[in-house]
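Reader: I would like a close look at a single part of this chain. Please take the sheet and what packs on it.

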Amino acid sequence: MDLPLGRKFVPNAKDLSNDNIKETEKVSTDIKKGQNQAKNQKQNIFEVIEPQFSFDDIILNKSTYEQIQDSLAFLENRDLIFNEWGLGKTHKLQNKSGINFFGASGTGKSMAAHAVAKQLGRNLLVVDYSQIESKYVGETSKNITLLFSAAKDMDAIIFFDEADALLSKRVRNMESSTDTSVNQTRSHLLLKLSDYNDIIIFATNFIENYDPAFMRRIATHVKFEMPDETARKKLWRLYIPFEMPNSAEIDTLSKEYDNVTGADIQNAVMTAALKAARKKESLVPNEYFAQAIKKIREAKLYNIKSIAL
């Protein structure tokens, strides 16, 4: 039924016939079905998980921990700073709560993301590039839209692990449709980040690959340094089980073997334990721990030299 412009549709008895009512019910059912399908699509692509770690489970340098807590204080004081103190007028782009964790692999970035969510009493929506990338032009941008919608629906904190895959520099000299698609995806993500008003956590080993535009839109960048001597002592004590007989000289190991991560120390303890078990030793001697961590350091150094060449 055509209506003159500006006129409201007022149903009469004829319009509300059984056929029209059935048609209205069908349309309503189709809308609900579509909404349910969209919701299921979000849940199928993105999984929300409960945080697995708290800050009690992580050993960080004091400066790193303090930077994270300063970032979280932003959430508590957001209304004061931006509304009452007026920074909302002068710092519009900084009224965001993105946190970027960057540093060497194995320094605890992913665990810290879980700990942040745990402290805030929220779940995590963990994202890697493979979940949203599509070979079809335009589909990756659609998946990004679904991601932000899913996080809002499920009240979850978005966590981009290995974020450099998505936040990398845009292509300057476009030579193919793929280059165009990459730039469109980056631009779409920038818009979504600008409009999003909840916390987002990013983690990367390669912050140098970030596009400067993304750097500007992330409120805080926290560098995860290699564990200092105090942290290394705690890590050795953490990863050597009380039940395992050993003669580890933790003070010496912590002092002599620097530039190692928590993951390195964890691997060294496992290697030393396996060697002692293979040799039927009654305990794991300090020598095995030292040998294991030394070899790990040598392998990492060789890897760095190979990349430089």
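Author: The sheet comes first, then the helices across it, then the whole chain.

This is a predicted model, where local features need pLDDT of at least 70, side-chain atom pairs count only at pLDDT 80 or more, and totals for chains, interfaces and linings use all residues. Residues are numbered from 1 along each chain as its sequence is written, and side-chain values use heavy atoms, with hydrogens and water left out.

Six strands make an open sheet. Their order is β1-β3-β4-β5-β2-β6, with mixed pairing. β1 (48-49) and β6 (220-224) are the edge strands; each has a single partner, so one side of each lacks a neighbour in the sheet. Strands here are DSSP runs of E, at least two residues; helices are runs of H or I, at least four; both are numbered from the N terminus. Two strands pair if DSSP finds at least two bridges between them.

Take one pair. Strand β3 (residues 123-127) runs parallel to strand β4 (residues 156-160), and five bridges join them. Val 127 sits opposite Phe 160 in β4.

Now the helices. Helix α2 (residues 62-76) lies across β2 (98-103) and β6, at about 160° to β6. Helix α5 (residues 109-120) lies across β1, β2, β3, β4, β5 (200-204) and β6. Its angle to β2 is about 150°. Axes are lines fitted to C-alpha atoms, for helices over the stretch in contact (heavy atoms within 4.5 Å). Angles run from 0 to 180 degrees between N-to-C directions.

Last, the whole chain. The secondary structure comes to 14 helices and six strands. Among contacts between residues at least 6 apart in sequence, 76% join residues at least 24 apart.
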